[in-house]
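Colleague: Could you walk me through this model? I am new to reading structures, so I will probably ask a lot of short questions.

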Amino acid sequence: MEGDNCSFPPDLSDDHSQRGSVASSATLSRAQDVLVYLFGESAVHLSVEGLGSVSVQELGRSVREALQIPESAPDAFAFWLCSPLLELQLKVRHQPYKLCRQWQDLLYRFTDASEDDISQDEPYLQYRRNVFYPKSKELQIKDEAVLRLLYEEARSNILSGRYPCDPEHWAGLGALSLALEEGPGLDSQQITTKIREKKLPSFVPAHVAMGSGGFFSTLRGKSSRQAELEQKLSEEYGKISKSTGSSLEPQQLLHQYLSMCHTLPYYGCAFFCGEIDKPAQGILQRGKRKAVSVGICLDGVYVMDVKEKHVLLGLRFSELSWDHSRPEEEGDSHILWLEFDGEEDGTPVNKLLKIYSKQAELMSGFIEFCVELMSTSEGGAANEPGVPQEPTGQEAGTRNGRGGRRGMLQRQGSVVCSRVHSLNTISYVDNGKEIKRLKPKRAASFFARQATAPTYSAVNTESLEQG
């Protein structure tokens, strides 16, 4: 299920939970078969000795050797532990076997899955893009095998709807995929034949291919919609052929695909699951929530509607402040608070969006790391982010990359643009003396942190210890 995932696990390699102990040192010292999965339905088969203590760094050398990844791009990829319930990017010092033994502990801590689902869930090891690898470096890569790995991952995220995109994006990307698979020299009849052989969901997002009008509407309009999508793909493919002929190399097509993906601000994000309040539309609708996925990368934070496949809110770090609050009473939720500039009836206000999620702690720690990383030299990228453990003390810090007040966020029809007007936010103004509430009250404990500030300032939060 989209959105039920996250990144950056707590540093549990040295923990001693009941499930964390290795089964048998004698068994694990022998060579064991390990499958490392890739996007594109392929895997690397390794024979590993001492599996119980092997680190990500050691596995990385074996995988790069097997895939013949050049030394010039060692940081482009990372290991992830993945399942339908959770996705975690590992650090180089993590030991995957031990983390697999602790998987149920991680699910209880960071998901709302049922006990039955948790007991049946098993992670797999995947080699995929490093969240902290800069997009600018991708287009400097010349090795076709490396570009293929990046392409397969980006394509999967486009087709699954994890990367929402407009028709001009998914049509162009679908045509590039067709050109990569079949070459850029097909005529219109051959294009249509190939699309029908491989099916539309191989080239356009599944929700686009299926439509959004319900089951019976889908049946009635299937033929005409399919013809329309085939025509659109054919036209985009024709543009590629006309501009380049049949001489375009796969490396160039791969660069074009990744370049187009880079125009999506959430490309390369780590994704977390959460919920937000729906706007009240009558007494029967109060208390309902909407499922969202939260993408966080070096560029900013993006809140997306899981069902509608569009962006609800996109903010760069210079446009937001944030905080993470823990449950105070039984039944309360972990909350990630996003604070940003807005407008209410012509009055500049501060807006708050509440994101309910057991992964709020992870999101807050990741935002903090990205803000720190962006404020330091490029050399800081070599230090991977830690995932917060339980705090050992209170260390006040200002988590903010905020500059001056900006203009209103865009409210356009594009799926990439924010839809602030559709969010159930809390608005307030700080006049230098006291905070004036314009919408329903937010949590008193959160409000108290700002109440004594003489002027508008960033949200002050407790710094969480990095793992």
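Colleague: Which residue lies over the face of Trp80?

Modeller: That residue is Arg128, which lies at 4.1 Å from the ring centre of Trp80. Please keep in mind that this is a predicted model, and that the values I quote are computed from it.

Colleague: And what sits over the ring of Tyr356?

Modeller: Over the ring of Tyr356 you find the charged end of Arg289, 3.5 Å from the ring's centre.

Colleague: OK, what about Arg129, where is that one?

Modeller: Arg129 belongs to strand β5, which covers residues 124-129.

Colleague: Is Arg129 buried or exposed?

Modeller: Its relative accessibility is 5%, and because buried means under 20%, Arg129 counts as buried.

Colleague: Which residues is Arg129 in contact with, leaving aside its neighbours within four places in sequence?

Modeller: The list includes Ala76, Phe77, Ala78 and Trp80, and also Glu138, Glu153 and Tyr267. Trp80 is thus a contact of Arg129, while the face of that same Trp80 has Arg128 lying over it.

Colleague: Let's go to aromatic pairs. How many are there?

Modeller: The count comes to 11 aromatic pairs. One of them is formed by Tyr163 and Tyr266, whose ring centres are 6.3 Å apart and whose planes meet at 45°, so the pair is classed as tilted.

Colleague: Where do Tyr163 and Tyr266 lie in the chain?

Modeller: Tyr163 is in the loop between α7 (144-160) and α8 (167-182), whereas Tyr266 is in the loop between α12 (250-262) and β6 (270-277), so the pair ties together parts that are 103 residues apart in sequence. Tyr163 counts as buried at 4% relative accessibility, and Tyr266 is buried as well, with a relative accessible area of 0%.

Colleague: Which aromatic cluster are they part of?

Modeller: Tyr163 and Tyr266 form one aromatic cluster together with Tyr267, Phe271 and Tyr302. You have met Tyr267 already, as one of the contacts of Arg129.

Colleague: Switching topic, how many residues are in the largest nonpolar core?

Modeller: That core has 112 residues, and those with the most contacts inside it are Val36, Phe79, Ile296, Leu313, Leu338, Leu353 and Ile355. Helix α13, which runs over residues 360-374, gives the most to this core, with 9 residues. A second, separate core has 6 residues, among them Ile335, Leu352, Tyr356 and Ile426. As general background, nonpolar side chains tend to be buried together in soluble globular proteins.

Colleague: How much of the chain is buried?

Modeller: Buried residues make up 50% of the 467 residues in the chain. The accessible surface comes to about 22500 Å², and 47% of that surface belongs to carbon and sulfur atoms.

Colleague: How many helices and strands are there?

Modeller: The chain has 14 helices and 16 strands.

Colleague: Tell me about β10. Why is it said to be largely enclosed?

Modeller: Strand β10 spans residues 320-325, and 6 of its 6 residues are buried, so it is largely enclosed by the rest of the structure. Leu320, Trp322 and His324 point one way from β10, while Ser321, Asp323 and Ser325 point the other way, and all are buried. In a regular strand, side chains alternate between the two faces of the sheet.

Colleague: Which strand does β10 pair with over 6 bridges?

Modeller: It pairs with β11, residues 335-344, in the antiparallel sense, and in this pairing Ser321 stands opposite Glu339 in β11. Since 9 of the 10 residues of β11 are buried, that strand too is largely enclosed by the rest of the structure.

Colleague: And what lies between β11 and β12?

Modeller: The two strands form a hairpin with 2 residues between them, and Asp345 in the turn has a positive phi of about 55°. β11 and β12, the latter covering residues 347-356, pair in the antiparallel sense over 10 bridges, with Leu336 standing opposite Ile355 in β12. Ile355 is also among the residues with the most contacts inside the largest nonpolar core.

Colleague: Last one, where is His207, and which residues is it in contact with beyond its neighbours within four places in sequence?

Modeller: His207 is in helix α10, residues 206-210, and beyond those neighbours it is in contact with Gly161 and Lys309. At 33% relative accessibility, His207 counts as partly exposed.

Definitions and conventions
Residues numbered from 1 in each chain as written. Predicted model: local features only at pLDDT ≥ 70, side-chain atom pairs only at ≥ 80, totals over all residues. Heavy atoms only, no water. Phe/Tyr/Trp six-rings, centres within 6.5 Å; stacked < 30°, edge-to-face > 60°. Buried < 20%, exposed > 50% of the residue type's maximum accessible area, 1.4 Å probe, protein only. Lys NZ or Arg CZ within 6 Å of the ring centre and 35° of its normal. Core = buried A, V, L, I, M, F, W, Y, C linked by side-chain atoms within 4.5 Å. Areas by Shrake-Rupley, 256 points an atom, 1.4 Å probe, with all protein chains shown as cover. Pairing = 2+ DSSP bridges. Contact = heavy atoms within 4.5 Å.
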